[in-house]
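Student: Please take a close look at a single part of this model. I should like one connected account of that part and its surroundings.

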Amino acid sequence: MSLPYKSEMIPRAKQLRKEATPQERHLWYDFLSKYPVRFQRQKTIESFIVDFYCHMAKLVIEIDGSQHYEPQGMTYDEERTAILSKYGLEVLRFSNREINTDFRAVCERIDYTVKERLHDSKNN
């Protein structure tokens, strides 16, 4: 199943790839780009651009800066997650701090979640 997206979002997604945060670059270049299951960066889904997306595992990974922990940001993230969940997607969120201080644990959680979701999809 192909996910819906708004084509007018693609130029912004390309720009965000070029302007990735240090934490996004770290996760991409030091883990996800070499991961055996393909991930995409700055993937457009509906009217959103998610940080990382794995089609096979139906997994979205978001790296959250401080604005995500303010009331308005938290409400927006909850609504966005609810919409993405309608497509059977799981959303994993990590803070910039987690990427900076506990990178290995972040990678282990992603790996575990991907393997779990791939296993579950084979059994359904």
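**The hairpin and its sheet**

Tutor: In the hairpin of β1 and β2, two residues lie between the strands, and Glu46 takes a positive phi near 55 degrees. The model is predicted, with local features requiring pLDDT of at least 70 and side-chain atom pairs pLDDT 80 or more, whereas totals for chains, interfaces and linings use all residues. Residues are numbered from 1 along each chain as its sequence is written, and side-chain values use heavy atoms, with hydrogens and water left out.

Helices (H or I, at least four residues) and strands (E, at least two) are DSSP runs numbered from the N terminus; two strands pair if DSSP finds at least two bridges between them. Five bridges join β1 and β2 in the antiparallel sense; among the residues involved, Arg41 has Phe52 as its bridge partner in β2.

The hairpin belongs to an open sheet of four strands, ordered β1-β2-β3-β4, with mixed pairing. Its edge strands, each pairing on one side only, are β1 (40–45) and β4 (90–95). From one strand to the next, the twist averages 45 degrees; axes are lines fitted to C-alpha atoms, for helices over the stretch in contact, and angles run from 0 to 180 degrees between N-to-C directions. Strand β3 (residues 59–64) runs parallel to β4 and is joined to it by six bridges; Leu59 has Glu90 as its bridge partner in β4. Helix α1 (residues 10–18) packs on the sheet, touching β1 and β2 (48–54), and its direction makes about 155 degrees with that of β1; contact means heavy atoms within 4.5 Å.

Strand β1 also contributes to a pocket. The second largest pocket is lined by 13 residues, with Tyr5, Gln40, Lys43, Thr44 and Tyr53 nearest its centre. A pocket is an open set of points on a 1 Å grid over the protein atoms alone, where a 1.4 Å probe fits, with protein on both sides within 12 Å along at least five of seven lines; lining residues have an atom within 4 Å of a point. The elements giving two or more residues to this lining are α1 and β1, and β1 supplies the largest share, five residues.

As for the whole chain, there are five helices and four strands, running α-α-β-β-β-α-β-α-α from the N terminus on. Along the principal axes, the C-alpha atoms fill a box of roughly 40 × 35 × 30 Å.
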